[in-house]
Amino acid sequence: MAKSRLTHLLRRYSSKRSFSQVRVFICNPQYSNSSINRYNNHNYNYNYNFSSYRYASSSNNSLFNNPSSPLLLNSSYYAKCLCTSVENGESNVDCVDDNGVIENLETLVDTEVDNAPDFDVDLCSEGPCFVRNENDVVTTVAIVDDLELESLPVVDGEEVGSSRNYEGFEHVASRDPVETYKQLRDLPRDAKLCKEDWQILHEIFGQLARSSWASNQALAIYIGASFFPTAVHKFKSFFTRHCRDDVAKYLLSLGPSDEAERFLFPIFVEFCLEEFPGEIKRFRKLVESADLTKPHTWFPFARAMKRKIIYHCGPTNSGKTYNALQRFMEAKKGIYCSPLRLLAMEVFDKVNTLGVYCSLLTGQEKKHVPFANHVACTVEMVSTDELYDVAVIDEIQMMADSSRGFAWTRALLGLNADEIHLCGDPSVLNIVRKICLDTGDELVEQHYDRFKPLVVEAKTLQGDLRNVKSGDCVVAFSRREIFEVKLAIEKHTNHRCCVIYGALPPETRRQQATLFNDPDNEYDVLVASDAVGMGLNLNIRRVVFYSLSKYNGDKILPVPASQVKQIAGRAGRRGSRYPDGLTTTLLLEDLDYLIECLKQPFQEVTKVGLFPFYEQVELFAGQIPNTTFAQLLERFSENCRLDGSYFLCHQTNIKKVANMLEKVQGLSLEDRYNFCFAPVNIRDPKAMYHLLRFASSYSHKLPVNIAMGIPKASAKNDSELLDLETKHQICSTYLWLSNHFKEESFPYKQRAESMASNIAELLGESLGKASWKPESRVVGKKRPEQKNKGYERPQSLIKLFDK
């Protein structure tokens with residue numbers, strides 16, 4: 001008989017063309033197939049209840065509910081594949097094919113099957129199963145999981161109960177699994193089981209195939225999670241063909257349970273080691289190429305040094321960064337690693353003003369100062385090849401950031417500096433201690449307290465922005481709310497507002513901060529987003545939270561306590577007009593949550609971020625050719641190994657850019673890797689379009705032109721303001737690419753710098769005269785309503801989350 005594998009005997013399908021399909025394999029050569037009545041007098045051993053199975057049409061159900069239906073006859077049948085089809089209510093008989101798809105069961109009954117191909121049949125997950133025995137007879141056995149079974153010795157012709165005695169086989173558990181496997185492999189099968197016994201065994205193997213514990217344990221012998229179900233499938237077939245009576249009875253005594261999994265797994269391991277050496281070798285190479293364990297060993301030069309790590313641990317306005325920068329300026333050669341371009345630019349200006357030559361290095365700027373031995377850079381741009389006397393890594397708690405944390409981890413592990421100063425809060429102190437034990441570095445802890453305690457004002461603004469005072473910073477968590485607050489304050493009070501939020505370029509944010517800090521102008525109130533939390537020195541008297549809830553891209557949630565503390569701590573600064581820091585809320589309902597956040601200790605971080613270097617991605621790509629870059633990253637995340645102190649930073653933005661760039665031909669793997677890290681707002685279609693155009697020009701080996709109109713005037717409405725923001729980001733993306741690719745590929749760097757500078761100035765002018773209602777880009781909370789007597793904010797959402 002012809003042999004082929006068919007994993008389902010009865011399965012319902014649904015397709016786009018509204019087909020209903022059921023696979024059935026049944027043919028009794030002892031009787032003619034031209035009439036159903038020939039089957040009616042045939043005896044059958046077992047009755048199956050098909051009422052729990054849902055078939056596609058009512059006409060099909062009648063065959064299964066009819067006791068005289070040939071589909072309920074369970075004596076000896078040869079398995080044959082028959083195919084008919086039903087489409088749009090019309091019945092058509094197709095020629096028999098190897099897929100065995102039957103779409104009309106009624107037509108099946110009257111179909112001639114003499115020329116149908118024969119099949120050896122696997123077990124199925126829905127409906128009765130027919131399998132060939134050693135006499136080439138196919139017999140109904142059970143309704144089982146979707147795993148293969150061949151040649152089952154089923155007791156035929158008599159009733160056999162399932163309540164059999166399985167006691168006395170406990171000694172099987174004490175056997176060496178290797179010996180048990182050898183017996184199964186070398187000795188003939190001697191198990192005589194009834195239908196119910198086989199069904200229990202199928203359930204046991206089905207549980208093993210679905211077991212997350214077994215799948216994880218199998219990784220130790222390099223059986224991957226994707227291959228694990230296939231390995232269990234083949235192990236089940238092996239066990240069925242070589243089943244020993246004592247082993248089967250012991251398994252039956254355990255039933256589908258964790259104990260059965262623990263018993264079978266060592267035998268499964270021996271089977272895999274013998275049957276799948278090629279797959280194990282392949283997956284082992286794959287895992288080794290995605291091995292991110294022991295990341296401290298990636299930097300041999302840093303490990304050869306005896307480094308001293310000084311952790312400046314404390315809250316905002318405690319002097320920790322000031323002390324670290326003093327040591328940075330005293331050194332002969334030093335590097336300052338910033339979390340933001342803005343802060344790197346600020347340190348660059350400050351250090352040069354104090355007479356210490358310092359260069360600037362960010363993704364978008366490279367300013368080399370002659371004779372400079374000091375560098376202020378963003379943390380992603382830090383060099384792990386240069387030697388330094390002193391290095392400063394600011395905001396070290398960002399190691400735990402889900403997307404950028406790998407940059408801080410790389411800087412800490414790889415900097416070649418005699419002295420490394422870490423500045424941050426206590427949340428990552430314990431993980432830094434652990435890392436220093438791994439690297440062998442000396443750790444010195446310096447703890448700081450805030451110069452003056454942060455005071456929570458019990459009296460809120462009572463929901464009225466007319467109670468805002470000079471030196472206040474009103475913090476809102478959406479661009480729309482920021483402009484609504486600015487409009488309301490300037491309409492109902494005599495105050496003028498500066499504005500700071502994340503989409504503004506660093507130059508514009510610095511210009512707005514300078515306006516606010518200057519006591520000799522009319523701008524005495526700041527309206528800002530959470531971007532005010534780090535990177536700027538501001539003379540803030542009081543931080544007022546407009547709300548304490550934030551849209552995270554999916555839903556509105558309370559602002560995390562750590563972020564609340566970071567932002568509130570910006571109030572009060574030593575040496576400024578407001579050394580005492582105050583904080584409060586707009587609404588009384590939010591005050592309790594603010595107090596609760598400030599009371600909470602810093603949450604301890606247990607894992608910090610990692611991300612593979614290009615060389616690691618390239619090595620992994622060699623193991624799985626003909627894979628897109630997005631798929632490559634997905635496979636890497638599935639197969640990489642990490643130590644318990646590290647996590648793989650998420651790749652959402654990178655994957656979206658990678659998917660977009662798949663349509664661009666001619667890019668090397670390294671090119672795609674670099675393009676995917678370019679700074680771009682993936683939610684801005686214009687910015688994404690220009691990145692795609694840049695990549696397309698580069699792939700054709702053409703000089704990449706920025707090709708964007710130069711704005712002539714400041715914005716007159718919010719739409720024009722959004723356009724200015726987008727155009728500046730496009731310039732920023734071009735500048736970043738020009739610093740990461742060859743100069744001849746991006747030759748218009750100076751033009752992009754000039755455009756970016758002009759747009760930043762226009763943005764500053766636009767913010768100064770902004771008096772329009774913002775355009776809402778996403779559907780979120782209802783906009784605040786203005787009443788006759790002034791501005792009133794909607795009710796707080798915080799209490800809703802406390803319920």
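Strand β9, spanning residues 308-313, is mostly covered in this predicted model. Five of its six residues are buried. β9 has pairing partners in β15 and β16. With β15 (residues 416-424), β9 pairs in the parallel sense over six bridges. With β16 (residues 442-447), β9 is again joined by six bridges, and these two strands also run parallel. His312 illustrates the arrangement. Its bridge partner in β15 is Cys423. In β16, His312 is matched by Gln446. Strands of a sheet pair through backbone hydrogen bonds, either parallel or antiparallel.

Helix α12 covers residues 320-330. Its buried residues are Lys320, Ala324, Leu325, Phe328 and Met329. These residues lie on the same side of α12, because they cover an arc of only 160 degrees around the axis. An α-helix has 3.6 residues a turn, so residues three or four places apart point the same way.

A further sheet is open and has six strands. Their order is β17-β24-β21-β18-β20-β19, and the pairing is parallel. The edges are formed by β17 (455-456) and β19 (496-500), each of which pairs on one side only. Within the sheet, β18 (residues 472-475) and β21 (residues 542-545) are linked by four bridges in the parallel sense. One bridge can be named: Asp472 has Arg542 of β21 as its partner.

Two helices that pack on this sheet are α18 and α19. Helix α18 (residues 561-568) touches β18, β21 and β24, the last of these being residues 582-585. The direction of α18 makes about 145 degrees with that of β21. Helix α19 (residues 591-599) touches β17, β21 and β24. The direction of α19 makes about 140 degrees with that of β24. Strands β21 and β24 are thus touched by α18 and also by α19.

Cysteine pairing was examined next. A search of the whole structure finds zero disulfides. For Cys337, the nearest cysteine sulfur is that of Cys377, 4.4 Å away. A disulfide needs the two sulfur atoms within 2.5 Å, so Cys337 is in no disulfide. Cys337 is buried, with a relative accessible area of 0%. Cys358 is in no disulfide either. The nearest cysteine sulfur to Cys358 is that of Cys377, at 9.2 Å. Cys358 also counts as buried, at 0% relative accessibility.

At the level of the whole protein, the secondary structure comes to 27 helices and 28 strands. Of the 803 residues, 54% count as buried. Among contacts with a separation of 6 or more, 75% are made by residues 24 or more positions apart.

Confidence was assessed along the protein. The mean pLDDT is 78. A value of 70 or more is reached by 75% of the residues. Over residues 1-151 the pLDDT is below 50. This stretch has 334 contacts in the model beyond near neighbours in sequence. The pLDDT is also below 50 over residues 777-803. There, the contacts beyond near neighbours in sequence number 59.

Terms used
Residues are numbered from 1 along each chain as its sequence is written. This is a predicted model: local features need pLDDT of at least 70, side-chain atom pairs count only at pLDDT 80 or more; totals for chains, interfaces and linings use all residues. Side-chain values use heavy atoms; hydrogens and water are left out. Buried means under 20% relative accessible area, exposed over 50%, partly exposed in between (1.4 Å probe, protein chains only). pLDDT is the predictor's confidence in each residue, from 0 to 100. Contact means heavy atoms within 4.5 Å. The arc is that of the directions from the helix axis to the C-beta atoms. Two strands pair if DSSP finds at least two bridges between them. Axes are lines fitted to C-alpha atoms, for helices over the stretch in contact, and angles run from 0 to 180 degrees between N-to-C directions.
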